[in-house]
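Hello,

Here is the structure I promised to pass on to you. Have a look at it first, and then read my notes below.

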Amino acid sequence: MMDFGYPQYTEANILSEFIKTDAYRMEVTQRPPMAVTNAVSWRSEGIQYKKNEVFLDVVEHVNILVNSNGQIIRSDVVGALKMRTYLSGMPECKLGLNDRILLEAQGRSTKGKAIDLDDIKFHQCVRLARFENDRTISFIPPDGSFDLMTYRLNTQVKPLIWVEAQVERHSRSRVEILVKARSQFKERSTATNVEIELPVSSDASNPDVRTSMGSASYVPEDEALIWKIRSFPGGKEYMLRAEFTLPSITAEEATPERKAPIRVKFEIPYFTVSGIQVRYLKIIEKSGYHALPWVRYITMAGEYELRLI
C-alpha cells in the first residue's frame, strides 16, 4: 500500500491478489499484481464475463431529530451511489445525473427536476479533472462492488413517517400508551419493513397491546415495545394502544425514568428524498460488447428519532 511513505494502491480487490495467508507462499518472492504498475491500479487486466452487467443502487439515508414539541432540530440526507460491475476488459463508463450545474451549463431547463449536490466524495476511479471541467462523471470501474460516489444534502426534510405518542399513568398501578403513525409521502410509494421502537418503563409488565395494522411485541431486555408494519402505503395512518401494569410499591430512591426517544426504521423502494435521478449510464468498451445497466432507488431511515420529553 505504501512506498517510502507515499500511498500507492488501496483497492481491496487488488490487495487480495497480493496478500496471501498460506505459509509456504512466502518461500517464493512475491511480485506485485500487474494492476499496481498499470495506469489503472484498481482494476486487473484480462477480466472476462459471459454476461456483462452493471448494477447501480442509489441509496439515501434520512437523518431526523424531532423534539418533544414536534419541531425538527436536525435533518439531512446522506446518499451513496453503490455499484456492482461484472464487465469484461477495460470498460469506460459515463454517468449522468440531474445535476443543476451541468444542466444549466448545457442550456437545459432545470425547472423542478435538477438538484444541488453538496459534499461530494468520489471513488479514486473517477476522473476529477473531467468532473470539475464539465461535471461529467467518467471512470473505469473496479471489478465487483464499490461506492462510486457519496453526497450529503443539508436540506429541511419533511419526516416521511410521523409518530405521535401519548403516555398516561394511572395512580402508579398501570400506564397507557396511545401511538399514531402517519406516512407523509405520496400514495404511489410504499414503505416496507417499518419498525417503530417505543421506550417503556423498566418496571412495566403484563403488556396488553392492540394495533390497527402490523404486530407489536414487548422486549423487556431493551425496555422497548417494538411495532412492526411490513407494508406502509403513503397517506395512511395506523394506531397502537398498549397497557402495562406497574408495581404498586416503589423504592424510596427510585432511579430516574429513562428518557429514550422513539426510533423509526423503514425502507422506501423506488423513491429518493433528494430527487436525484440517473439520466444515463453508458458503457463503452473497445471490443464493442453490449452491457445491461440496472438502476435501483431506495430510501432508508438513518438516525431517525422523535423525542418524547
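Let's start with Ser138, which sits in strand E7, a stretch covering residues 137-139. Please keep in mind that the whole model is predicted. Is Ser138 buried or exposed? Its relative accessible area is 0%, and buried means under 20%, so Ser138 counts as buried. What does Ser138 touch, once residues up to four places away in sequence are set aside? The list is Glu92, Cys93, Lys94, Cys125, Val126, Arg127 and Arg130. Take Arg127 from that list: Arg127 and Ser138 are 11 residues apart along the chain, and 6.0 Å separates their C-alpha atoms.

Now compare that with another serine. Ser201 belongs to a loop, the one that links strand E11 (190-199) to strand E12 (205-211). With a relative accessible area of 17%, Ser201 falls under the 20% cut-off, so Ser201 is buried too. Leaving out residues up to four places away in sequence, Ser201 touches Arg169 and Tyr218. There is also a polar contact at 2.5 Å, made between the side chains of Ser201 and Asp203.

The two strands on either side of that loop lead us to the sheets. E11 is part of an open sheet of nine strands, in the order E6-E8-E4-E3-E18-E16-E11-E14-E13, and the pairing there is mixed. Which strands stand at the edges? They are E6 (118-122) and E13 (215-219); each has a single partner strand, so one side of each is left without a neighbour in the sheet. On average, and ignoring direction, neighbouring strands in this nine-stranded sheet are turned by 15° against each other. You can follow one pair on screen: E16 (residues 262-269) and E18 (residues 292-306) run antiparallel and are joined by five bridges. Look for Arg263, whose bridge partner in E18 is Glu305.

E12 belongs to an open sheet of four strands, ordered E9-E10-E15-E12, with antiparallel pairing. Here E9 (161-170) and E12 are the edge strands; since each has a single partner, one side of each has no neighbour in the sheet. The twist from one strand to the next averages 15°. E12 is joined to E15 (residues 237-245) by five bridges, and the two run antiparallel. Within this pair, Val209 stands opposite Ala242 of E15.

Next, the empty spaces. How many cavities of 30 Å³ or more does a search of the whole structure find? There are two, and the largest has a volume of about 60 Å³. This largest cavity is lined by 11 residues, and the closest to its centre are Leu97, Asp99, Phe131, Arg135 and Ile137. Strand E5 (residues 92-97) contributes the most to that lining, with three residues.

Finally, here is the view of the chain as a whole. The protein chain has four helices and 18 strands. Of its 309 residues, 42% count as buried. As for contacts between residues at least 6 apart in sequence, 75% of them join residues at least 24 apart.

A good way in is to find Ser138 in strand E7 and then trace the nine-stranded sheet from E6 to E13. Enjoy exploring!

Best wishes

Definitions and conventions
Residues are numbered from 1 along each chain as its sequence is written. This is a predicted model: local features need pLDDT of at least 70, side-chain atom pairs count only at pLDDT 80 or more; totals for chains, interfaces and linings use all residues. Side-chain values use heavy atoms; hydrogens and water are left out. Two strands pair if DSSP finds at least two bridges between them. Axes are lines fitted to C-alpha atoms, for helices over the stretch in contact, and angles run from 0 to 180 degrees between N-to-C directions. Buried means under 20% relative accessible area, exposed over 50%, partly exposed in between (1.4 Å probe, protein chains only). Contact means heavy atoms within 4.5 Å. A polar contact is a pair of N or O atoms within 3.5 Å; within protein, one must be able to donate a hydrogen and the other to accept it, and residues adjacent in sequence count only if both atoms are side-chain atoms. On a 1 Å grid over the protein atoms alone, a cavity is a set of points where a 1.4 Å probe fits but cannot get out, and a pocket is an open set with protein on both sides within 12 Å along at least five of seven lines; lining residues have an atom within 4 Å of a point. Grid points are joined across faces, edges and corners, and a volume is the space filled by probe spheres set on the points.
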